[in-house]
Amino acid sequence: MTNASTVSEANLLQNPGVQSIRSSLRSMLRLSVVFPVGVLLVRTMAWTSSGNSHSQLIENLRRDGVIQSDRVFKALMETDRAHYCKDFPFEDSPQSIGYHATISAPHMVGPSGLVVGVDHIPQLVEQSISNVQTDNASLLAAGGLKLIVGDGRNGHLDHAPYDAIHVGAAAATVPEALLQQLRPGGRLVIPVGSRDGGQQLEQYDKTENGSFTRTPLMRVAYVPLTDRKRQWSGHEL
Ligand SMILES: *[C@@H]1O[C@H](CO)[C@@H](O)[C@H](O)[C@H]1NC(C)=O
Ligand SMILES: *[C@@H]1O[C@H](CO)[C@@H](O)[C@H](O)[C@H]1NC(C)=O
């Protein structure tokens with residue numbers, strides 16, 4: 001979450017409130033803006049929604065059909081992307097946030113509730129906390145948002161089960177812990193595959209009896225879901 005990253009990073013959403021996840025992408029869009037996540041280059045979508053200001057970017061995302069619900073529109077309007085990335089915040093494309101990590105393109109969106117953001121690079125978690133504090137400190141103070149340092153591949157057992165889990169980096173295989181931490185009726189959205197071999201965004205829905213339905217969504221190109229050392233050697237940003 002947080003900023004994201006890359007590698008081991010996953011967004012875990014609990015109790016998404018009124019509107020359940022209408023579409024994974026729409027869900028991710030909001031998360032990506034509030035809590036920027038790993039690299040995302042969606043080949044099937046051009047960067048057509050860029051604007052000169054935050055409100056113009058969000059208006060354009062609605063114009064282009066990425067945002068379809070008024071609730072998502074309002075939430076995005078209130079979450080200025082300039083708080084979360086310094087360079088070109090109103091471009092509808094991923095932007096670097098250092099540490100070989102990026103904030104996803106805004107066209108990737110979701111609901112509200114308890115959100116737990118996990119990233120394995122402590123500096124990115126600190127940066128995320130500072131970004132959120134600048135944007136709306138009460139999000140953290142009220143306890144509806146937690147940003148923690150950890151390996152996203154392990155999820156975060158303390159607040160499981162989750163209604164939705166979004167991973168912002170590509171896993172070679174879907175981490176078992178994430179499937180286990182889903183609530184029946186919950187959904188995991190994760191890029192799967194290798195950088196060279198091609199990746200696709202996949203959706204896993206957990207049925208009431210604990211089985212899963214897998215739905216391929218689209219071809220994507222994310223940074224790999226890996227360990228901290230492999231992602232960032234600790235030197236250049
Ligand atoms: C800040 O976050 C709180 C939730 O903790 C929300 O009720 C409030 O509307 C937000 N304020 C702004 C300006 O977005
Ligand atoms: C579990 O639920 C799914 C979907 O509702 C169904 O297709 C499947 O057959 C069920 N499996 C078992 C073992 O009951």
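Me: In which strand is valine 220 found?

Reply: Valine 220 is found in strand β10, where a strand is a DSSP run of E with at least two residues, a helix is a run of H or I with at least four, and both are numbered from the N terminus. This is a predicted model, in which local features need pLDDT of at least 70 and side-chain atom pairs count only at pLDDT 80 or more, while totals for chains, interfaces and linings use all residues. Residues are numbered from 1 along each chain as its sequence is written, chains are lettered from A and ligands numbered from 1 in the order in which they are written, and side-chain values use heavy atoms, with hydrogens and water left out.

Me: Why does valine 220 count as buried or exposed?

Reply: Valine 220 has 1% relative accessibility, so it counts as buried; the limits are under 20% for buried, over 50% for exposed and partly exposed in between, with a 1.4 Å probe and protein chains only. In space, its C-alpha atom is 9.4 Å from that of arginine 195, although the two are 25 residues apart along the chain.

Me: And why does alanine 172 count as buried or exposed?

Reply: Alanine 172 reaches 66% relative accessibility and therefore counts as exposed. This residue lies in the loop between β7 and α6, and its C-alpha atom is 9.3 Å from that of threonine 226, 54 residues away in sequence. For the whole picture, 55% of the 237 residues of the protein count as buried.

Me: What makes β9 and β10 a pair?

Reply: Pairing takes at least two bridges found by DSSP, and strand β9 (residues 198–206) has 8 of them with strand β10 (residues 212–221), in the antiparallel sense. Our friend valine 220 takes part as the bridge partner of glutamine 199. The two strands form a hairpin with 5 residues between them, and glycine 210 in the turn has a positive phi of about 90°.

Me: How do you know that β8 pairs too, and which way do its partners run?

Reply: Happily, the bridge counts settle that. Strand β8 (residues 182–194) is joined to strand β7 (residues 162–167) by 4 bridges, and these two run parallel; here alanine 164 stands opposite arginine 187. With β9 there are 8 bridges, and the sense is antiparallel. Valine 192 stands opposite glutamine 200 in that pairing, and β8 and β9 form a hairpin with 3 residues between them.

Me: What makes a group of residues a nonpolar core, and which members touch the most others in the largest one?

Reply: The members must be buried Ala, Val, Leu, Ile, Met, Phe, Trp, Tyr or Cys residues joined through side-chain atoms within 4.5 Å. The largest nonpolar core has 18 residues, and Ile165, Val167, Val174, Leu178, Leu188, Ile190 and Tyr204 touch the most other members. The elements giving two or more residues are β5 (114–119), β7, α6 (176–180) and β8, with β8 supplying the largest share, 4 residues.

Me: Which residues lie nearest the centre of the second largest pocket?

Reply: They are Tyr84, Cys85, Lys86, Ile97 and Gln127, out of 13 lining residues. Two or more lining residues come from each of β3 (95–98) and α4 (122–136), and β3 gives the largest share, 3 residues. A pocket is an open set of points on a 1 Å grid over the protein atoms alone, where a 1.4 Å probe fits, with protein on both sides within 12 Å along at least five of seven lines; lining residues have an atom within 4 Å of a point.
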